[in-house]
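Trainee: I'd like to learn how to read a fold one feature at a time. Could we walk through an example together?

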Amino acid sequence: MTETVLRKTENGVLTITLNRPEAANAIRPDDRDGLIELFAAADADPEIRVVVLRANGKHFCSGADVVKLADGHAKNVKRVTDPMRRIMTGAQRLIASVLDCGKPVITVVHGAAAGIGAHLAYASDLVLATDTAYFSESFVKRGLVVDGGGAYLLPRLIGMQRAKEMVFFGDKLSAAEAFGLGLVNRVVPEEELESVIDEITGRLATAPTSSIALTKRLFNSSLDGDRAAAFLAEAMAQEIQSYSADAKEGVRSFVERRPAEYHGW
């Protein structure tokens, strides 16, 4: 990828690293498109079993690059529906690429996760945060409406009233507070972070990946439909998975009383 979005694959784990530390890893359109491409490629690659999103520098991600936004405002070149189209094909598409990636996505947050940076974490499957990390819905402080999937994600994750409080005030939410709300899976001291990442990715990289992919899709869609639709989707997903090599291996290993060796399909 570009120098500002790095990738490394090792033992079935794709690590994507934001690499604009001098700009607090603010995301520009090219960076965003690179991330979308990587998540789509990971979804299609059977050799990738888990994705880790992290960042270099002091902060995880301060959000979209406001310098670009300010430049557009100054030139006053907007046309009706142009901003809407850019958001729908840009920030929202990025969040959708995380939600729709069939591999478990782990986001590692240190320092600030603001705006679209916070939403990248909320869209992922597991969130690890250092004890100095914090989250912020910074849109209101710039006179903007929450975008990048925030209005979809936050009420579903923490409830309507707490979501409104976060976006109306834009106050910083500490890692401990985010953990209390269920936005973070684990708060980890900085010196223990790498070992925790290795432990979690190691378990997921040897798990039945297609089983996780189907379960992820069921969970992500469960709040958008009724019970009948959810039950039908669950039954169909289980039927699909029952034909997989990993399902056969899981049952066989149980009967033979040995550890399962999953291949991800």
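Mentor: Sure, we'll go through strands, a sheet, the core and a helix pair. Keep in mind that this is a predicted model.

Trainee: Let's start with strands. In which sense do β1 and β2 pair, and over how many bridges?

Mentor: The general idea first: strands of a sheet pair through backbone hydrogen bonds, and the pairing is either parallel or antiparallel. Here β1 (residues 5–10) and β2 pair in the antiparallel sense, over six bridges. One bridge to look up joins threonine 9 to leucine 14 in β2. The hairpin of these two strands has two residues between them, and asparagine 11 takes a positive phi near 55 degrees there.

Trainee: And what about β2 with β3, parallel or antiparallel?

Mentor: Parallel: β2 (residues 13–18) pairs with β3 over six bridges. For instance, threonine 17 has arginine 54 of β3 as its bridge partner, and leucine 18 has alanine 55.

Trainee: How do I read the two faces of a strand?

Mentor: In a regular strand, side chains alternate between the two faces of the sheet. Take β2: Val13, Thr15 and Thr17 lie on one side, Leu14, Ile16 and Leu18 on the other, and all are buried.

Trainee: Which residues of β3 point which way?

Mentor: Val50, Val52 and Arg54 go one way, while Val51, Leu53 and Ala55 go the other, again all buried. With six of its six residues buried, β3 (residues 50–55) is therefore largely enclosed by the rest of the structure.

Trainee: Is there another sheet to practise on? In what order do the strands of the open sheet run?

Mentor: The order is β5-β7-β8, three strands with mixed pairing. The edges are β5 (112–114) and β8 (173–174), each pairing on one side only. Strand β7 (residues 134–136) pairs with β8 in the antiparallel sense over two bridges, and tyrosine 134 has serine 174 in β8 as its bridge partner. Helix α5 packs on this sheet, touching β5 and β7, and its direction makes about 90 degrees with that of β5.

Trainee: Is α5 itself mostly covered or mostly open?

Mentor: Mostly covered, with eight of its eight residues buried. Among them are His119, Leu120 and Tyr122.

Trainee: Now the core. Which residues touch the most other members of the largest nonpolar core?

Mentor: That core has 48 residues, and the ones touching the most other members are Ile16, Val51, Val109, Phe135 and Leu183. Helix α5 (residues 116–123) supplies its largest share, six residues. A second, separate core has 13 residues, including Val52, Ile106, Val108 and Leu193.

Trainee: What does leucine 183 touch, leaving out residues up to four places away in sequence?

Mentor: Leucine 183 touches Tyr122, Val127, Leu154, Leu157, Ile158, Met166, Leu173 and Ala178, with that sequence filter on.

Trainee: Last one: helix packing. At what angle do α10 and α11 pack?

Mentor: Two packed helices are described by the angle between their axes and the distance between the axes. Helices α10 (residues 209–222) and α11 (residues 227–242) pack at about 170 degrees, with their axes 10 Å apart. That angle means α10 is roughly antiparallel to α11.

Trainee: Which residues meet there?

Mentor: From α10 you get Ser210, Ser211, Leu214 and Leu218; they meet Ala233, Glu234, Ala237, Ile240 and Gln241 in α11. By type, the contact residues divide into five nonpolar, three polar and one charged.

Key. Residues numbered from 1 in each chain as written. Predicted model: local features only at pLDDT ≥ 70, side-chain atom pairs only at ≥ 80, totals over all residues. Heavy atoms only, no water. Axes fitted to C-alpha atoms, helices over the stretch in contact; angles between N-to-C directions. Helix = DSSP H or I, 4+ residues; strand = E, 2+ residues; numbered from the N terminus. Parallel < 35°, antiparallel > 145°, perpendicular 65-115°, else oblique. Contact = heavy atoms within 4.5 Å. Nonpolar A, V, L, I, M, F, W, Y, C, P; charged D, E, K, R; others polar. Core = buried A, V, L, I, M, F, W, Y, C linked by side-chain atoms within 4.5 Å. Buried < 20%, exposed > 50% of the residue type's maximum accessible area, 1.4 Å probe, protein only. Pairing = 2+ DSSP bridges.
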